Amino acid sequence: MSRIYNFSAGPAMLPEEVMKKAASEMTDWHNSGMSVMEMSHRGKEFVSIAEKAESDIREIMSIPDNYKVLFLQGGASGQFAAVPMNLLKGKVGADYINTGAWSKKAIAEAKNYCEVNVAATSESDKFTSIPDESEWSLNTDSAYVHYTPNETIGGVEFHWIPDTGRVPLVADMSSTILSRPIDVNRYGVIYAGAQKNIGPAGLTIVIVREDLIGDEIAGTPTMFKYSTMAKAGSMYNTPPTYSWYIAGLVFEWIKKQGGLEKMGEINRNKADKLYSAIDNSDFYNNPVDKECRSWMNIPFTLAKPDLDSRFLEQAISAGLVTLKGHRSAGGMRASIYNAMPEEGVDALITFMGKFEKENA
Ligand SMILES: *Cc1c(COP(=O)(O)O)cnc(C)c1O
């Protein structure tokens with residue numbers, strides 16, 4: 001059985017090279033006689049794996065020394081609660097930018113802990129745009145401003161970083177982290193579930209500026225305190241060791257590809273190709289404003305929705321899987337993270353052209 005092109009939004013494709021390496025080390029890591037899965041997280045072997053992964057992500061993202069990188073569990077969804085718990089610091093409210101389904105989930109969870117000011121929303125145009133920054137009604141007394149740089153379901157992405165002055169900026173980067181270079185200095189907290197662009201599910205990366213750590217609201221679970229995890233090197237309890245190891249192999253792979261500058265070029269090119277194919281046809285449509293189309297998740301509809309199931313069936317036969325759009329959006333969605341090779345995008349475009357010819 002050969003590999004197929006998997007357009008899943010997450011868990012998503014991983015670089016084949018990474019999985020082959022993991023497979024070759026599966027039962028005996030570096031002559032230790034053990035699988036990484038069997039190692040004590042406090043043993044010297046795993047500690048070396050963990051430290052290498054951290055230093056590699058610091059290098060590829062140019063993470064400044066005054067930021068901690070935490071390797072946690074609980075998913076990005078856990079961070080929807082952890083962010084207010086760790087960052088409120090005596091304030092009563094936080095600002096949220098609502099650009100779609102994941103923003104909404106973050107807002108709903110934050111409401112359990114604080115007053116949420118939705119400073120801007122694109123709900124009125126069905127989340128196909130990003131509200132202009134000049135129209136945001138930010139509250140200067142907010143504890144932080146939260147936004148979702150890439151909406152995985154709607155396919156809407158910020159190609160710029162909001163300016164929130166002295167108020168810390170918090171970003172749910174689950175589906176866009178490592179897709180291009182970003183200036184970490186502009187953020188208070190960056191968090192991401194691993195299963196899109198980092199590695200296997202079960203790992204959550206949090207990058208947090210040190211001065212924001214250590215003043216949690218009363219009742220914050222120990223496991224959710226950035227201070228506990230920062231002090232313990234993310235090993236207060238047993239971390240997700242195997243996911244951490246695979247993430248480390250992915251970071252090495254990114255370095256080998258030429259780092260985030262190169263990933264950004266490749267990703268932009270892949271996305272441009274697919275959007276051109278969609279825009280140049282009368283059969284396919286992507287509803288998102290051109291300035292904020294995602295490089296990672298590309299939703300599209302067919303002019304005749306009753307052909308959706310035929311499209312999906314024939315796509316599978318062509319080795320192109322998991323193209324069905326999110327249940328809330330319908331239509332199709334192609335997720336093309338770092339591990340999706342350009343050939344996969346080309347194969348999709350060829351298939352779409354052929355399907356259009358035969359069915360339009
Ligand atoms: C997938 C995703 C989530 C949910 O992540 P979990 O790790 O499953 O909790 C949250 N936000 C965004 C933007 C996502 O893409």
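**Exercise 1.** Determine how far strand β2 is covered and which strand pairs with β2.

*Solution.* Step 1: of the six residues in strand β2 (residues 67-72), five are buried, where buried means under 20% relative accessible area, exposed over 50%, and partly exposed in between (1.4 Å probe, protein chains only). Strands (E, at least two residues) and helices (H or I, at least four) are DSSP runs, numbered from the N terminus. The model is predicted, so local features need pLDDT of at least 70 and side-chain atom pairs count only at pLDDT 80 or more, while totals for chains, interfaces and linings use all residues. Residues are numbered from 1 along each chain as its sequence is written, and side-chain values use heavy atoms, with hydrogens and water left out.

Step 2: β2 runs antiparallel to strand β10 (residues 204-209), to which six bridges join it; two strands pair if DSSP finds at least two bridges between them.

Step 3: within this pair, L72 stands opposite T204 of β10.

**Exercise 2.** Describe the shell around the ligand and the polar contacts of the ligand with A76, D172 and K196.

*Solution.* Step 1: the ligand is surrounded by 14 residues, the closest being S77, T152, D172, Q195 and K196; a residue is near if one of its heavy atoms lies within 4 Å.

Step 2: helix α3 (residues 75-87) supplies the largest share of this shell, four residues.

Step 3: polar contacts with the ligand are pairs of N or O atoms within 3.5 Å. A nitrogen atom of the ligand lies 2.6 Å from a polar side-chain atom of D172. An oxygen atom of the ligand is 2.7 Å from a polar side-chain atom of K196, and a polar backbone atom of A76 is 3.1 Å from an oxygen atom of the ligand.

Step 4: the protein covers 86% of the 390 Å² of accessible area that the ligand has on its own, by the Shrake-Rupley method with a 1.4 Å probe.

**Exercise 3.** Examine the backbone at P11, N31 and K89.

*Solution.* Step 1: most residues other than glycine have a negative phi, and most peptide bonds are trans.

Step 2: the peptide bond from G10 to P11 is cis, with omega near -10°. P11 is found in the loop between β1 (5-6) and α1 (16-24).

Step 3: N31, in the loop between α1 and α2 (44-61), has a positive phi of about 60°. N31 is exposed, with a relative accessible area of 74%.

Step 4: K89, in the loop between α3 and β3 (93-98), has a positive phi of about 50°. K89 is partly exposed, at 28% relative accessibility.

Note on methods: Polar contact = N/O pair within 3.5 Å; in protein donor to acceptor, adjacent residues only side chain to side chain.
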